[in-house]
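Hi,

Here is the structure I promised to pass on. Have a look at it first, and then read my notes below.

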Amino acid sequence: MPDFSNSVKLKYVKLGYQYLVNHILTLTLIPVMAGIVIEVVRLGPEEIMNLWNSLHFDLVQILCSSFFIIFIATVYFMSKPRSIYLVDYACYKPPVTCRVPFATFMEHSRLILKDNPKSVEFQMRMLERSGLGEETCLPPAIHYIPPTPNMEAARGEAEVVIFSAMDSLFKKTGLKPKDIDILIVNCSLFSPTPSLSAMVINKYKLRSNIKSFNLSGMGCSAGLISIDLARDLLQVHPNSNAVVISTEIITPNYYKGNERAMLLPNCLFRMGGAAILLSNRRSERWRAKYRLVHVVRTHKGADDKAYRCVYEEEDKEGKVGISLSKDLMAIAGEALKSNITTIGPLVLPASEQLLFLLTLIGRKIFNPKWKPYIPDFKQAFEHFCIHAGGRAVIDELQKNLQLSSEHVEASRMALHRFGNTSSSSLWYEMSYIEAKGRMKRGDRVWQIAFGSGFKCNSAVWKCNRTIKTPTDGPWADCIDRYPVHIPEVVKL
């Protein structure tokens, strides 16, 4: 039997240590302030007045001191970065006509790959272990046998996904198209001419002086790159609104060959998209849901293996697909390690930073074989939104960051209900937390995304107000069914 009394004592020792280190300044100032108060009381009012009268003030000194204080305060407030607020966001919810149950997916695979039963069997094994549910969706062009991934169908999917998310955002926020100052659209694998950002401008007749950007080829982490770009633009353009649209168009990227490394994306990627309204207007502070605290980006593209681990190329038959390397998880782990090394000092409490520093010094000086200390990021965040790239991604991060099942619940449920929606998956996860009524004022959220190149990007948000359970959104008709149990293997 485990020694519960010792484990409980250890728990309280750790809590005491965390409280002591995290509040060391307060605990130090209390006795100092108490000493000052006692000394003032001991002196009495007459001695205090005598001390005050003995001081000699020079008018020039007072004016110079006042000017200096005002100057320092002005420089501080002018150099302080503008606060960036997330007013609201909207996620696209595909219609039921686009749903792809396992049976439908496998039937189509058998008909399309009838000359290669091994590829069909491989896809079935991947689907059984994917963590996806029966309600994920693919665009109409992929439902045909054979699929018809032409330019017209791809544009049609882009219009449905993007315009639906934008319409929902306008409805939720009351934003008018003419109020948009900055527009950023990210879509990794579909980059037509005119661009998707131009398509949005044409649809909603946005202003001619709008600052528009279209990001492509940046993988599943492009959503946070767009947030970072919007933040930088909002720092130099006061009193502005920025709309970020994150999506991935599936139609032109469905692989019809036999290479196993290229068949895997077919099993994971599904329809999805999100539109996000950011603003630096002070008037938006009171209704905004979140405030952007940090964005940290890590790029491992200098390493050849990392650069090629997610690679678009042709197979032996000339069919284009996305090849996923076997080293993907190891490379993602290295990218995550670099990312948390940067973000750790920005977000971790002093108690965790001190433990990490002491362990690092111990390994360098005393014994290199000491087990490295993994900081407890649960001390820094209440919610985690891990990119729903696949079951293995979520499992690996849960293990490395020592997270509980509840911490990764949003990621697993988003993967189950919507599949891997690429850069927009983080917003389906945020929406899940809100739909469960768990987002409270002051809560901190860590979004983590991985993408080709290879990149690991993080964003930290602080909840601006307690968010009421929404009556609309992608989870409105199914949140009561979640969380669901997801077996290791679903036998098909």
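Let's start with a pair of strands: strand E2 (residues 182-186) runs parallel to E3, and the two are joined over five bridges. If you want one spot to click on, take Asn186, whose bridge partner in E3 is Leu215. Keep in mind throughout that this is a predicted model.

A bit of background: strands in a sheet pair through backbone hydrogen bonds, and they can do so in a parallel or an antiparallel way.

Now zoom out to the whole sheet. It is an open one with nine strands, and the order across it is E3-E2-E4-E5-E1-E6-E11-E10-E9, with mixed pairing. Strand E3 (211-215) and strand E9 (383-386) are the edge strands, so to speak: each of them pairs on one side only. On average, neighbouring strands in this sheet are turned by 20 degrees against each other, ignoring direction.

Next, the helices. Two packed helices are described by the angle between their axes and the distance between those axes. Helix H5 (residues 117-128) packs against helix H10 (residues 260-268) at an angle of about 45 degrees, and their axes are 10 Å apart. That angle makes H5 oblique to H10. The crossing of H5 past H10 is right-handed.

Which residues in H5 meet H10? They are Lys118, Ser119, Phe122, Gln123, Arg125, Met126 and Leu127, and on the H10 side they meet Arg260, Leu263, Leu264, Asn266 and Cys267. Sorted by class, this contact of H5 with H10 has six nonpolar, three polar and three charged residues.

Cheers

Conventions: Residues numbered from 1 in each chain as written. Predicted model: local features only at pLDDT ≥ 70, side-chain atom pairs only at ≥ 80, totals over all residues. Heavy atoms only, no water. Axes fitted to C-alpha atoms, helices over the stretch in contact; angles between N-to-C directions. Helix = DSSP H or I, 4+ residues; strand = E, 2+ residues; numbered from the N terminus. Parallel < 35°, antiparallel > 145°, perpendicular 65-115°, else oblique. Left-handed = near helix turned anticlockwise from the far one by under 90°. Contact = heavy atoms within 4.5 Å. Nonpolar A, V, L, I, M, F, W, Y, C, P; charged D, E, K, R; others polar. Pairing = 2+ DSSP bridges.
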